[in-house]
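Biologist: I'd like to learn how to read a protein model piece by piece. Can we go through one together?

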Amino acid sequence: MIVLKLTDIGKNYKNTGDVLKGVNLELESGKMYGIMGPSGSGKSTLLNIIGTLEKASYGTIEILGNKLEGYGEKELCDLRAKNIGYIFQNFYLNPYLDAVENVMVPMKINHEIEPKERRKKAECLLKKFGLEERMKHLKSQMSGGEQQRVAIARALANDPDIILADEPTGNLDEDNEIIIFKTLKELAESGKVVVVVSHNEIVKEYADEVIEIIKGRIKA
Amino acid sequence: MQYIINKKREITISVLSLLFWIINLIFAEMSINMLLKVLTAKRTDWFDNMKKVQITEDAFLIKQTELVMETIIIVMFVIFFFSSLTIILVRNLQLKHNLSEIGMFRVLGYNKNRLLGICMIDVITDMVIALPVSVVLSTVIWNKLSKDEMLSFMLTMINDTIWMDILSYVLCAITMMLVAIIHTKFFLERSLKKGVRYMLGEGVA
Ligand SMILES: Nc1ncnc2c1ncn2[C@@H]1O[C@H](COP(=O)(O)OP(=O)(O)O)[C@@H](O)[C@H]1O
Ligand SMILES: [Mg+2]
């Protein structure tokens, strides 16, 4: 099933000009996509447009059959909350919350999960990623690899169809890198669309499809 | 924003900001009270009494007394503004603490109104709790200045001075609430934008 459809997407900034040009993409559920390309080629910009964090200058995006034209701030937030899970290079865990609470943050605005269920669900997700010993730990008490696994659990909190990861292993050692890629691969196999931006050649081993971007254009 | 989940931290922060509100409101109430008293001096005998004390001295002393009064009022107002700023800053510092945190809330689908709402509820809750406490405290402090007034405060509930106090208190409370709300709105919107940009790897502009 096609979950994401980008038609003739472009992005330009006042001071940097064209960053993306004529991008056409169809992303299917159950597949892991790797986005590769030199630094500054527009990988993050593309991911942010897919993730509705940035607006494209032109072109249309369809997510789960909905065209995003005319979507306001509120609709975009709701869409993100329900359907998109984000993973960043720097993890961005809230330093004041422990692992479980961090995973609960997205559930707070999801009325489909009973308040009483939230903690249980968060603990369940953390266990799945081997973090049963880290439930009550703060960001400062966890290693990079552990933080990123908490961040993945948080991205999965509302069971989204789309997982977007921008250089998720950029701050991790090789062992953790493999754990993260394996985890992302499993998520794709479970039926989600997983899009991973990475410099690392290792992404080619895991991705079902590799999309190469050079100077804002997709290489055929 | 972190305290939306952690109850213990929420309570600590609320107690702290409550304290700030109280201090703030006492200052505000006192300064507005003073201003009102001076403004209405012509109609009450308060200022006349002040003058009577000095009338035995020369005119220079009267002028000097007025000058001192004005200075006090100005100083009080400065304190009032600084303390309101302090409370607003302290309230918002929790948000400012880490811009990327706010950005992350946005990424996770918290819309602007939702974030704003949490802040507003916070500010208003503090107000409502702080109101009665600071009315009592500030009135007591104000009336401590003279034993007679203290007595009259105890004995007669319907008294011009008290109504004046209440009026000035309500005035300053409303002003401060407005300032806090406006500030929160602008501050939050700005940090939301900055926060998302920060998350996207552009650093804080
Ligand atoms: N907010 C912005 N304003 C101006 N230029 C930007 C902005 N964001 C990104 N760019 C530019 O867009 C280009 C692509 O950036 P990015 O998508 O982050 O590249 P990548 O992730 O592939 O390294 C870069 O040249 C960058 O300077
Ligand atoms: Mg990038």
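Modeller: Let's talk through strands, helices, rings, cysteines and the contact between the chains. Keep in mind that this is a predicted model.

Biologist: Let's start with sheets. In what order do the strands of the open sheet in chain A stand?

Modeller: To read a sheet, you list its strands by who sits beside whom. Here the open sheet has six strands in the order β6-β7-β8-β3-β9-β10 of chain A, and the pairing is mixed. Now look at the ends of that list: β6 (84-88) and β10 of chain A stand at the edges with a single partner strand each, so one side of each has no neighbour in the sheet.

Biologist: In which sense do β3 and β9 of chain A pair, parallel or antiparallel?

Modeller: For a question like that, you follow both strands and look at the bridges that link them. Strand β3 (residues 32-36) and strand β9 (residues 209-214) of chain A are parallel, with four bridges. You can follow the partners yourself: A:Y33 is matched with A:E209 in β9(A), and A:I35 has A:I211 as its bridge partner. As for the side chains along a strand, in a regular strand they alternate between the two faces of the sheet.

Biologist: And what joins β9(A) to β10 of chain A?

Modeller: Two bridges do, and this pair runs antiparallel, with β10 covering residues 217-218. Among the facing residues, A:I213 stands opposite A:I218. The two strands make a hairpin with two residues between them, and A:K215 in the turn has a positive phi of about 50°.

Biologist: How many residues lie between β1(A) and β2(A) in their hairpin?

Modeller: Three residues lie between those strands. β1 (residues 2-13) and β2 (residues 17-28) of chain A are antiparallel and share eight bridges. If you want one spot to click on, find A:K11, which stands opposite A:L20 in β2(A).

Biologist: Now helices. How many of the eight residues of α1 in chain A are buried?

Modeller: For cover, you go residue by residue. In helix α1 (residues 43-50) of chain A, seven of the eight are buried, so the helix is mostly covered. The buried ones are A:K43, A:T45, A:L46, A:L47, A:N48, A:I49 and A:I50. Just past the end of α1(A), A:T52 takes a positive phi of about 60°.

Biologist: What does chain B contain in the way of helices and strands?

Modeller: Chain B has seven helices and zero strands, so its pattern along the sequence reads α-α-α-α-α-α-α. Of its 205 residues, 42% count as buried. Also, among contacts in chain B between residues at least 6 apart in sequence, 80% join residues at least 24 apart.

Biologist: How many aromatic pairs turn up over all chains?

Modeller: The whole structure gives four aromatic pairs. To read one, you check how far apart the ring centres are and how the planes are angled. The rings of A:Y86 and A:F88 have centres 5.0 Å apart and planes at 10°, so this pair is stacked. Both A:Y86 and A:F88 are buried. Over in chain B, the rings of B:F105 and B:Y110 also have centres 5.0 Å apart, but their planes stand at 85°, so that pair is edge-to-face. B:F105 and B:Y110 are buried too. Back in chain A, A:Y86, A:F88 and A:Y92 form one aromatic cluster.

Biologist: What about cysteines? How many disulfides are there over all chains?

Modeller: A disulfide is a covalent bond between the sulfur atoms of two cysteines. In this model the count is zero over all chains. Cysteines can still be read for their cover: A:C77 counts as buried because its relative accessibility is 0%, whereas A:C124 counts as exposed because its value is 53%.

Biologist: Last one: how many residues does each chain bring to the contact between B and A?

Modeller: Chain B brings 22 residues and chain A brings 24. The area buried between the two chains is about 2300 Å², and carbon and sulfur atoms give 61% of that. There is one salt bridge between chain B and chain A: the side chains of A:E73 and B:R106 meet at 2.4 Å, N to O.

Notes:
Residues are numbered from 1 along each chain as its sequence is written. Chains are lettered from A and ligands numbered from 1 in the order in which they are written. This is a predicted model: local features need pLDDT of at least 70, side-chain atom pairs count only at pLDDT 80 or more; totals for chains, interfaces and linings use all residues. Side-chain values use heavy atoms; hydrogens and water are left out. Two strands pair if DSSP finds at least two bridges between them. A disulfide is a pair of cysteine sulfur atoms within 2.5 Å. Buried means under 20% relative accessible area, exposed over 50%, partly exposed in between (1.4 Å probe, protein chains only). Rings of Phe, Tyr and Trp (its six-membered ring) pair if their centres lie within 6.5 Å; planes under 30 degrees apart count as stacked, over 60 as edge-to-face and the rest as tilted. Contact means heavy atoms within 4.5 Å. Buried area is the accessible area (1.4 Å probe) that two parts lose on being put together, summed over both. A salt bridge is a side-chain nitrogen of Lys or Arg within 4 Å of a carboxyl oxygen of Asp or Glu.
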